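Visitor: I'd like a quick walk through this fold. Can we start with the strands?
Guide: Sure, let's bring it up.

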Amino acid sequence: MTTTKLNPIVGAVNIPFSRQRYETSDKPAKDVVIDYLVRNGHEILDSKEDFSVDIKSKKGYNSYFSEVEIKYGWKGDWNPSWKEIRLPYRKHKLINKVQSLDIENAFFNFYIIRPDMKAAWRIKDNVVAESDVREAQGRNIMKGEYFFHIPYEKAELIEL
């Protein structure tokens, strides 16, 4: 688990909350990752919406925290010309929150899911925290919005 507190970026903007995007994406993303975790020996402790980490689970003596997000631009196999996976910097609050729980044997993973729900990138919190943070550009990205830019080689591609 990462041990460095991540701070907000002064002047950064965040995409406004979208109820429609949330209602379309949250449950299917949680359900597919919960199914994956259960198949891999996890006991699901909590997945209720509390605007914190999406899924809390346990496996053996380890505690797991999982955050899920669908990447709608990802179609079919990963395009190797996409050298990085972008994760909104606002997720730094979740890394800080899990870290502040100070739980022994705790692991925090981000799951970036393909829209067909058949594959995902699993990225450890320390990999996210150590990645470059900079403003990103794209048709659905607000000017001034910052992202973690995670080299895809540092993530694990999993089948769901």
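Visitor: Which residue in strand 9 is the bridge partner of Trp-121?
Guide: Leu-157 is the bridge partner of Trp-121. Keep in mind that this is a predicted model.

Visitor: In what sense do strand 6 and strand 9 pair?
Guide: Antiparallel. Strand 6 covers residues 119–124, and 4 bridges link it with strand 9.

Visitor: What's the strand order in the sheet?
Guide: The order is 1-2-3-5-6-9. That is an open sheet of 6 strands with mixed pairing.

Visitor: Why is one side of strand 1 and of strand 9 left without a neighbour in the sheet?
Guide: Strand 1 (43–46) and strand 9 (156–159) stand at the edges, so each has a single partner strand.

Visitor: And how many degrees of twist from one strand to the next?
Guide: The average is 35°.

Visitor: What does helix 2 touch on the sheet?
Guide: Helix 2, residues 92–100, packs against strand 3 (62–70) and strand 5 (106–113). Its direction makes about 160° with that of strand 5.

Visitor: Switching to the inside. Which residues touch the most other members of the largest nonpolar core?
Guide: That core has 25 residues. Ile-85, Phe-108, Trp-121, Ile-123, Val-128, Phe-148 and Ile-150 touch the most other members. So Trp-121 turns up again, this time in the core.

Visitor: Which strand gives the most to this core?
Guide: Strand 5, with 4 residues. Other elements each supply at least two, including helix 3 (125–129) and strand 8 (146–151).

Visitor: What about a second core?
Guide: There is a separate one of 15 residues. Val-32, Leu-37, Met-117 and Ala-120 are among them.

Notes:
Residues are numbered from 1 along each chain as its sequence is written. This is a predicted model: local features need pLDDT of at least 70, side-chain atom pairs count only at pLDDT 80 or more; totals for chains, interfaces and linings use all residues. Side-chain values use heavy atoms; hydrogens and water are left out. Two strands pair if DSSP finds at least two bridges between them. Axes are lines fitted to C-alpha atoms, for helices over the stretch in contact, and angles run from 0 to 180 degrees between N-to-C directions. Contact means heavy atoms within 4.5 Å. A nonpolar core is a set of buried Ala, Val, Leu, Ile, Met, Phe, Trp, Tyr and Cys residues joined through side-chain atoms within 4.5 Å. Buried means under 20% relative accessible area, exposed over 50%, partly exposed in between (1.4 Å probe, protein chains only).
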